[in-house]
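The following exercises are to be worked with the sequence and the three-dimensional model at hand. Each task is followed by a solution in steps.

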Amino acid sequence: MSYCAISKNDALRRQLDSLDKQQLEILIKSYIYGEEEGFGHELVVIAWKESNFGKYPMNLEDGRYGSFGPYHVLLEHSMKRHKMHGTWNKSRLAERHLSDVEFSAKDALTVWKAFYIRNKNTSNQSYRTFAMYNAGVAGIKNAAGKKYADDANQRLLVLKDWIIKNDIINRVIEPARKVIANSPKHSVKEYRDLKTLRMPIKKE
């Protein structure tokens, strides 16, 4: 591994170590909702790349109507999936993606799974699917799609290592999963056992 790759890995790990409470909540929910479909790590990476875990939840220049939510779901395509039309419904759906992580996660997973199935008999299935999430069916044939997949794949490896080394599943994910299961719309901000990660999180 090159020095540049090691340096970037260190920078990515520092990003994960310094998440604020809102970003951490998006990470937790992304893993839990994604894991239900077998793509916990992948959905976390999408939230990380697209919005920095909800820090930048919209891109008005993305596609025809912009993209919204932690996973920057294209509003134009989301409207078609939900059979919604008109300006009022467009605003309503955009707000739903911004305010409801579970809804937005499930919509993003619909896109991901469609591309994942499309890459079923290929090597590096997740890598190719990351490219399509960014560039559509052109995937890795598109320069931007390939660049996106390269970066996403590196983040995926760093994320998996970070989760294992910091025991995130047992210390953070599982307790949060119980909170969500008991009250689907409940915030997971109450659970902040993160002292060993050196994150600036306190119980509210």
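## Exercise 1: Overall architecture

The accessible surface of the protein comes to about 11,100 Å², and carbon and sulfur atoms account for 52% of it. The coordinates belong to a predicted model.

**Task.** Determine how many helices and strands the protein has, and in what pattern they follow one another along the sequence.

**Solution.**
1. The count gives 9 helices and 3 strands.
2. Read along the sequence, these elements are arranged as α-α-α-β-β-β-α-α-α-α-α-α.
3. Of the 204 residues in the protein, 45% are buried.
4. Among contacts with a separation of 6 or more, 54% join residues 24 or more positions apart.

## Exercise 2: The nonpolar cores

**Task.** Identify which residues of the largest nonpolar core touch the most other members, and state which helix gives the most to this core.

**Solution.**
1. The largest nonpolar core holds 42 residues, and Leu16, Phe53, Tyr71, Phe130 and Leu159 touch the most other members.
2. Helices α1 (3-17), α2 (21-35), α3 (40-51), α6 (101-118), α7 (125-135), α8 (143-165) and α9 each supply at least two residues of this core.
3. Helix α8 gives the most, with 8 residues.
4. A second, separate core has 7 residues, including Phe68, Leu75, Met79 and Phe103.
5. Leaving aside residues up to four places away in sequence, phenylalanine 53 touches Leu16, Leu19, Gln22, Gln23, Ile26, Leu27, Val44, Ala47 and Trp48.
6. The background is general: in soluble globular proteins, nonpolar side chains tend to be buried together.

**Task.** Decide whether alanine 176 is buried or exposed.

**Solution.**
1. Alanine 176 is located in helix α9 (residues 168-182).
2. The relative accessible area of alanine 176 is 1%, so this residue is buried.
3. The C-alpha atom of alanine 176 is 8.8 Å from that of isoleucine 32, although the two residues are 144 residues apart along the chain.

## Exercise 3: Aromatic pairs

**Task.** Classify the ring pairs that tryptophan 112 forms with tyrosine 116 and with phenylalanine 130.

**Solution.**
1. The whole structure contains 5 aromatic pairs.
2. For tryptophan 112 and tyrosine 116, the centres are 6.2 Å apart and the planes are at 25°, and the pair is stacked.
3. These two residues are 4 residues apart in helix α6, so about one helical turn separates them.
4. Tryptophan 112 is buried at 1% relative accessibility, whereas tyrosine 116 is partly exposed at 23%.
5. The rings of tryptophan 112 and phenylalanine 130 have centres 4.9 Å apart and planes at 65°, so this pair is edge-to-face.
6. This second pair links distant parts of the chain, with tryptophan 112 in helix α6 and phenylalanine 130 in helix α7, 18 residues apart.
7. Phenylalanine 130 is buried, at 0% relative accessibility.
8. Phe39, Trp112, Tyr116 and Phe130 form one aromatic cluster.

**Task.** Establish how many residues of α7 are buried, and against which elements they pack.

**Solution.**
1. Of the 11 residues of α7, 8 are buried, and the helix is mostly covered.
2. Among the buried residues of α7 are Tyr127, Phe130 and Met132.
3. The buried residues of α7 pack against α3, β3 (73-74), α6 and α8.
4. Just after α7, glycine 136 has a positive phi of about 75°.

## Exercise 4: Salt bridges

**Task.** State where the partners of the salt bridge between aspartate 107 and arginine 81 lie, and whether each is buried or partly exposed.

**Solution.**
1. The structure holds 15 salt bridges.
2. In one of them, the side chains of aspartate 107 and arginine 81 meet at 3.1 Å, N to O.
3. Aspartate 107 is in helix α6 and arginine 81 in helix α4 (residues 75-81), so the pair ties together parts that are 26 residues apart in sequence.
4. Aspartate 107 is buried at 4% relative accessible area, whereas arginine 81 is partly exposed at 29%.

**Task.** Describe the salt bridges that lysine 106 forms with glutamate 102 and lysine 146 with aspartate 150.

**Solution.**
1. The closest N and O atoms of lysine 106 and glutamate 102 are 3.1 Å apart, and these residues are 4 residues apart in helix α6.
2. Lysine 146 and aspartate 150 meet at 3.3 Å, N to O; both lie in helix α8, about one turn apart.
3. Lysine 146 is partly exposed at 38% relative accessibility, and aspartate 150 is partly exposed at 36%.
4. A network of salt bridges links Lys8, Lys49, Asp151 and Arg155.

Notes:
Residues are numbered from 1 along each chain as its sequence is written. This is a predicted model: local features need pLDDT of at least 70, side-chain atom pairs count only at pLDDT 80 or more; totals for chains, interfaces and linings use all residues. Side-chain values use heavy atoms; hydrogens and water are left out. Buried means under 20% relative accessible area, exposed over 50%, partly exposed in between (1.4 Å probe, protein chains only). A nonpolar core is a set of buried Ala, Val, Leu, Ile, Met, Phe, Trp, Tyr and Cys residues joined through side-chain atoms within 4.5 Å. Contact means heavy atoms within 4.5 Å. Accessible areas come from the Shrake-Rupley method with a 1.4 Å probe; for residues, only the protein chains shown count as cover. Rings of Phe, Tyr and Trp (its six-membered ring) pair if their centres lie within 6.5 Å; planes under 30 degrees apart count as stacked, over 60 as edge-to-face and the rest as tilted. A salt bridge is a side-chain nitrogen of Lys or Arg within 4 Å of a carboxyl oxygen of Asp or Glu.
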